[in-house]
Every structure is written in C-alpha cells, then in structure tokens.
Amino acid sequence: MLLTTVVLVLREMLEAALIVSVLLGWSVLHGRSRRWIGVALVTGIAGAAVYAVNAAAVSEWFDYVGMEVVNAAMQFAVCTALLVLAARPAARAATWPMLVAVSLAVVREGFEILLYLSGFVADRGAWSTVALGSALGAGIGISAGALLFYLVVGLRRVRALRVAELLIALFAGNMAAQGVLLLIQADWIPGGVQVWNTAGLLAEDSVLGQLLYALIGYEATPSIWQVTAYAGVFCLLFVFFLRRPTRADGNGSGP
Amino acid sequence: MFLVVATLAMLVLVVFVSAVHGYRSGMAEAERLFDGQLQEQAHLATSVGSERLATLDKVANIAFQHWQLAPGQPARLLAHTDNIPGTALVALEPGFGHANFGGYRWRTYVHFAGRDDVVVVAAARTDIRYRLADNVIIEAIMPVVLWLPLSGLLVWFVVGRGLRPLEQLAEQLHGKQFRELSAVALERCPSELETVVDSVNRLLERLREAFEREKRFVADAAHELRTPIAVLRVQVHNFRERLPEHADELRALEGAVERMQHLVEQILTLHRLSPEQLHGRFVPLDLHGLVQEVVAACYDTIEARRQHVELVGDTDAVERRALVAADRFALETLVRNLLDNAVKYTPEGGNVRVGVSCGPAEVVLEVEDDGPGIPRAARERVFERFHRVGGDAHASGVSGCGLGLAIVRNIAELHGARVEVGDSRFASGARFTVVFRRLGAIGG
C-alpha cells in the first residue's frame with residue numbers, strides 16, 4: 001500500500017510540479033514577479049478540495065460520465081491557456097495564462113490525490129502507511145520540481161527559454177492526449193485504432209511507466225485520436241514558440 | 001535562498017528515494033524470511049503426528065495438511081488443521097506457491113518428508129505476513145521522514161552561518177564611502193573566503209596607490225607651475241609697460257596667464273581637500289559668521305562689478321548660531337567658490353543673495369543670483385570636473401576652469417552635506433543650496 005500511495009501521489013505531484021516549475025522559471029526568465037504562483041497554488045488547492053467534496057455529484061452529470069467530462073474540460077483549458085501564452089510573442093510575459101494553467105493543473109492533480117486519500121478515511125489502521133506514502137511521494141515530487149526550476153533558470157537565458165518551451169509543449173501535448181482519452185472513456189468520441197502497443201516493453205503501471213506518464217504523457221496503447229491530439233498541440237506550440245518577439249511586440253503586459 | 005532550497009530539495013529527494021528503495025528491499029527480504037520460516041515449519045510439521053496436527057493452528061496463524069502418496073493411486077489426505085479445507089489446494093510438487101481459501105490468500109510450501117511417502121503442505125496468510133513486514137519497515141522509515149524538518153532547519157542554519165562571512169564582506173564593500181580604500185577585515189574568515197578577501201584587499205591597495213600617485217603627480221605639477229606662472233605674470237606686466245603699442249595683445253595674454261594661475265590654484269585646492277588631508281580637522285564652525293567673513297573678503301570684487309549683495313540670516317541662525325562640524329579652510333573655499341560663481345555669472349549691476357537658515361536638524365546655505373541661470377538638463381553636470389555650461393564657448397563670456405563647482409560638491413560630500421541647484425527667486429538666475437547637518441541637533 002505504501003508503494004501504491006507513493007507512486008500515485010508522486011505521479012500527480014510530478015505532473016503539477018513540472019508545470020509549476022517550468023512556468024515559474026518562464027516567469028523569472030521574462031523578468032516577471034513570482035507573486036502569481038502563490039495565488040495560483042492557493043486557488044488550485046482550494047479548487048481541488050471543493051471538487052473532491054462534490055465528486056459524487058459531479059460524477060452523476062452527463063449520464064454518469066461527469067467526472068471524465070469535467071476532467072477533460074480542465075485538461076483542454078490548461079492546454080488552451082498554454083497555447084494563448086505561446087501564440088503571441090508579446091503576451092509571453094503575461095501572467096494570467098500561467099495563473100490559469102497552474103491553478104487548473106493543481107485542481108486536476110490535487111483532486112486525484114484527495115480522492116485517493118479519502119478512500120482511507122474510514123480505515124484508521126492504514127492511515128500511518130498512507131500518510132507516510134503521501135509524504136514520500138509529495139516530498140519527492142516537490143523536490144524534483146524545485147530542482148527542475150533551478151535547472152531551468154540556471155541555464156543561459158536563450159537555452160533556458162528553449163528548454164522551457166520544449167517542456168511546456170510536452171506538457172500541453174500530454175494534457176490534450178489525456179483530455180481525449182477521458183472523452184473516449186466517456187464515449188463522447190470513438191476509440192479509434194490503436195497506434196502502437198509497447199505494454200510488453202514498458203508497462204504503463206510499472207514505476208518507470210507511471211513516471212514517464214507524468215513527465216511526457218507515456219501511453220503503452222494510445223489511440224489514433226490521442227496521438228493526433230498530442231502531436232497537434234505539441235507541433236502548434238512548437239511553431240508558436242519559433243516566432244520570436246520583435247521590437248514592435250514590446251515586452252507584453254500582465255496583471 | 002537558492003542554496004537552502006536546492007540543498008533541502010536534494011536532501012529530500014535522496015532520502016525519500018532511499019526510503020522507498022529501502023521499503024521495497026525490506027519487503028523483499030521479509031518475504032524471504034517468512035518463506036524460510038514457512039519452510040522450517042513445514043519441516044517441523046513432518047515430525048508432528050497426523051493425530052496432533054489439528055491443534056497446531058492455535059499456536060500459529062499457519063495451516064497444515066498431511067498427504068500420503070501411493071504409487072498409481074491418488075494422494076490421500078491423512079490429516080489437516082481446522083483452518084484449511086480437506087481438499088488439494090496446490091499441486092503436490094516440492095516448493096512454494098499460492099492458494100486462495102477461507103477468504104484469504106495464502107503462501108504455500110510443499111515438503112516431501114522422505115518417510116512413508118508423506119507430503120506436508122504448509123500455508124501462511126499473506127495479509128498477516130505483509131502487515132507484519134509493513135509495520136516493521138514503516139517503523140524503521142518513519143523517523144527518517146519525521147526528523148527531516150529538523151534536518152531542514154539545520155541545513156537552513158548551517159547555510160546561513162556559512163554564508164554570513166560572505167554577506168559581511170558584501171556589506172563592508174557596499175558600505176565603503178567615496179574613495180575609502182582601506183582593507184576589509186572579517187570577524188571570522190573561513191579558509192574558503194581567505195583568498196577572496198586577500199585578493200579584494202590587494203586590489204584595494206593597488207587602487208589606493210594608483211590614486212595616491214595620480215593625486216601626488218597633479219599636486220606636484222600644480223605646485224611646480226606656480227613659480228613660472230608668477231614669473232610669467234610679472235614679465236607680461238613689464239612688457240605691457242614697455243610696449244604700449246601691443247597693449248591689447250598683452251592684455252589678452254595677461255588674462256590667459258591669470259586663468260592658468262587660477263586653474264593651478266583650484267587644482268591645489270582640490271588636493272588639499274582630499275579626505276586624507278582633511279582627516280581629523282573638523283571643528284564646530286558658525287556658518288553665518290563664516291559667510292559674513294567671506295562676503296566681506298570678496299566685497300571689492302563685487303563692488304567693482306557694481307553688484308548688490310545681500311546677506312540674509314534667519315533669527316535662529318543669527319542668535320543661536322548655525323553650527324556645523326567642518327574644516328575651516330574647506331568651508332571657506334565652498335562659500336567663496338559659490339559666491340565667486342554667482343558674482344561671475346551675474347551681469348554688472350545685478351543682484352546676489354546669500355542666505356543661512358537653520359532647521360531643527362540642518363543648516364542651509366543658499367547662494368542665488370539673477371544671472372542667466374542653468375538649464376534644467378545641464379544641472380547635474382555642472383558639478384563635474386572641467387565641465388562648463390555650454391562648453392568653452394560659454395554664453396556669459398566669463399572665464400573659468402570648470403573646477404569651482406566640482407570643488408563645492410567635493411567639500412559638501414566630505415562634510416556629509418548635500419548640494420542642489422535650482423532656479424533663483426529673482427526673475428532669472430540660479431540658486432545653489434547646500435544642506436549641512438546641524439551640530440548638536442537632536443538625532444542629527
């Protein structure tokens with residue numbers, strides 16, 4: 001149970017820590033204040049708690065696929081915020097798309113953790129194991145995020161921006177693919193053909209498989225729609241990021 | 001901040017990953033231990049007669065079956081404990097396996113006794129084995145996690161202590177006054193920082209020597225120029241007497257020599273006003289009284305230009321004395337340079353006003369005129385050395401070397417005063433304001 005808890009909490013924490021670190025690094029590289037991150041984290045944690053409390057009601061929406069649909073909507077919203085951030089070079093220093101992306105990512109990942117932990121509320125005997133597993137998973141995830149942040153901002157500015165752009169594009173692709181998977185699970189879009197099967201090479205439920213899922217959205221048996229969404233969003237962001245700011249674009253603005 | 005967060009993050013990452021790895025290894029080791037125990041219990045069960053087998057489950061959470069093999073016939077169950085069904089649960093082949101019965105999953109071990117073809121099947125509940133191992137290993141890991149906040153505090157404290165000398169060094173360098181090039185010294189200098197402090201001090205020493213050489217050279221050169229310039233002035237004067245037909249050219253030459261002499265005097269004044277020269281010569285001085293003396297000394301020049309000079313002192317400044325801690329020569333030079341400047345740039349018949357006033361903590365000297373004034377954009381640069389508003393082609397046509405106001409600012413800085421330039425209260429002109437700390441002021 002400890003390992004299961006560690007892996008689950010770590011997977012969700014890593015996903016959130018990745019986007020928090022990269023966008024915070026992005027913000028620092030563009031000379032913006034870091035205050036928005038506090039607002040985003042508090043909003044995200046509060047949102048996750050509200051969502052977890054109302055999980056049962058939400059799951060009944062849309063003919064009992066409410067949770068899948070709401071989660072998919074959040075994934076697409078994060079993806080859209082990142083696309084907005086990259087679309088106009090002048091808006092790259094704007095803080096509101098980053099605030100939206102981090103808040104929703106924290107709601108999404110925090111909700112998964114709270115839902116898992118709520119399953120042990122009645123089982124007092126398992127609490128110490130679950131608490132320890134959560135502490136270990138959260139500690140590893142947060143530490144990895146902090147080190148990633150320092151790694152990004154520690155690079156030379158041009159290289160740091162390229163690394164941050166790549167990580168943002170991977171994260172957005174992952175969000176889009178996960179959103180599509182949730183809609184497939186909700187039967188809102190057809191499953192489509194399976195593009196590859198690497199379950200024998202690297203199982204999704206293995207520790208490495210779960211870590212890669214958190215970092216780059218690894219799927220052992222993705223459908224054509226997931227691959228299309230991932231590749232489409234990744235390439236779109238990549239093209240957006242290739243457009244460099246010109247003098248006329250200025251330095252952008254934020255709240 | 002970076003060091004503390006990065007160190008803590010690495011510490012947490014390494015310790016927690018090690019804890020997870022330790023848990024996995026511990027569980028695998030516990031599994032081996034429990035298997036060994038099950039194996040031993042199966043061996044022991046061979047010595048227990050089939051008739052006593054039913055009592056064993058009361059002393060341990062373990063189940064047994066005794067089977068007898070007969071060639072060509074199915075295996076026959078001889079006995080079993082109450083907590084295991086009387087049916088075959090696993091294939092009767094030696095070794096470990098798993099079986100599900102009684103609502104639990106069991107770890108099984110099949111042992112061939114080697115006598116009378118008896119086979120022992122021993123089974124232990126996996127959930128109990130798992131819980132036992134889990135409890136023991138978690139008890140071992142828990143302190144690592146619980147003590148980590150203390151480790152964090154220690155890291156924060158040690159990093160803070162370790163960086164303190166570096167912060168002290170930065171504070172000392174940052175707090176150095178203008179041209180203060182004395183060596184830096186730390187209360188406690190760790191060996192890692194010794195090289196840095198040593199290099200900084202050697203750099204400061206080289207810089208101080210370079211400044212000294214430059215100042216000595218300029219002062220010596222100016223001093224050496226005084227005599228030939230004086231001789232030159234006398235000779236030009238003599239020539240004017242002897243060659244009246246060249247009076248115009250010689251007057252221009254005499255003016256140029258006068259400017260040269262003024263420049264040399266100003267350079268020497270700058271040298272005399274260096275911090276080293278002034279060190280320890282500050283005494284309480286009444287600024288109002290000193291201004292009166294300077295105005296009186298310059299009165300001939302002012303009168304020659306038919307200018308009107310007014311000395312204004314508020315009641316407080318006159319009655320209670322506007323006391324400042326200053327070097328007399330330096331303060332006289334400051335007042336004279338400001339007055340000279342005002343007189344020089346005020347047209348003949350113009351007005352010059354000198355004011356001394358006292359605030360609760362400061363003494364303010366104001367010198368203003370109704371000359372052309374100084375454009376707003378040029379105000380900061382007027383205090384630079386050899387800078388003249390409008391360059392050499394100065395609109396006023398007044399000669400000068402561009403050192404007077406630089407000397408004023410230099411003296412003001414040495415006295416901890418601030419000097420500003422603005423518009424005069426006349427219709428036109430400039431106003432120079434010097435704000436000194438008042439001696440004996442509360443909190444001053």
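The following exercises, with worked solutions, concern a predicted model.

Local features need pLDDT of at least 70 and side-chain atom pairs count only at pLDDT 80 or more, while totals for chains, interfaces and linings use all residues. Residues are numbered from 1 along each chain as its sequence is written, and chains are lettered from A in the order in which they are written.

**Exercise 1.** Determine which domains of chain B give residues to the largest nonpolar core.

*Solution.* A nonpolar core is a set of buried Ala, Val, Leu, Ile, Met, Phe, Trp, Tyr and Cys residues joined through side-chain atoms within 4.5 Å; buried means under 20% relative accessible area (1.4 Å probe, protein chains only).

1. The largest such core has 52 residues, and B:Leu334, B:Leu338 and B:Val434 are among those with the most contacts inside it.
2. Helix α10 (residues 328-345) of chain B supplies the largest share of this core, eight residues. Helices are DSSP runs (H or I, at least four residues), numbered from the N terminus.
3. Domain 2 (191-270) and domain 3 (281-437) of chain B both contribute residues, so the core lies between them. These bounds come from an automatic or database domain assignment.

**Exercise 2.** List residues that B:Val434 contacts, leaving aside its neighbours within four places in sequence.

*Solution.* Contact means heavy atoms within 4.5 Å.

1. Among the partners are B:Leu334 and B:Leu338.
2. Others include B:Val363, B:Val364 and B:Leu365.

**Exercise 3.** State how many helices and strands chain A has.

*Solution.*

1. Chain A has ten helices and zero strands.
2. Of its 255 residues, 50% are buried.

Terms used. Side-chain values use heavy atoms; hydrogens and water are left out. Helices (H or I, at least four residues) and strands (E, at least two) are DSSP runs, numbered from the N terminus.
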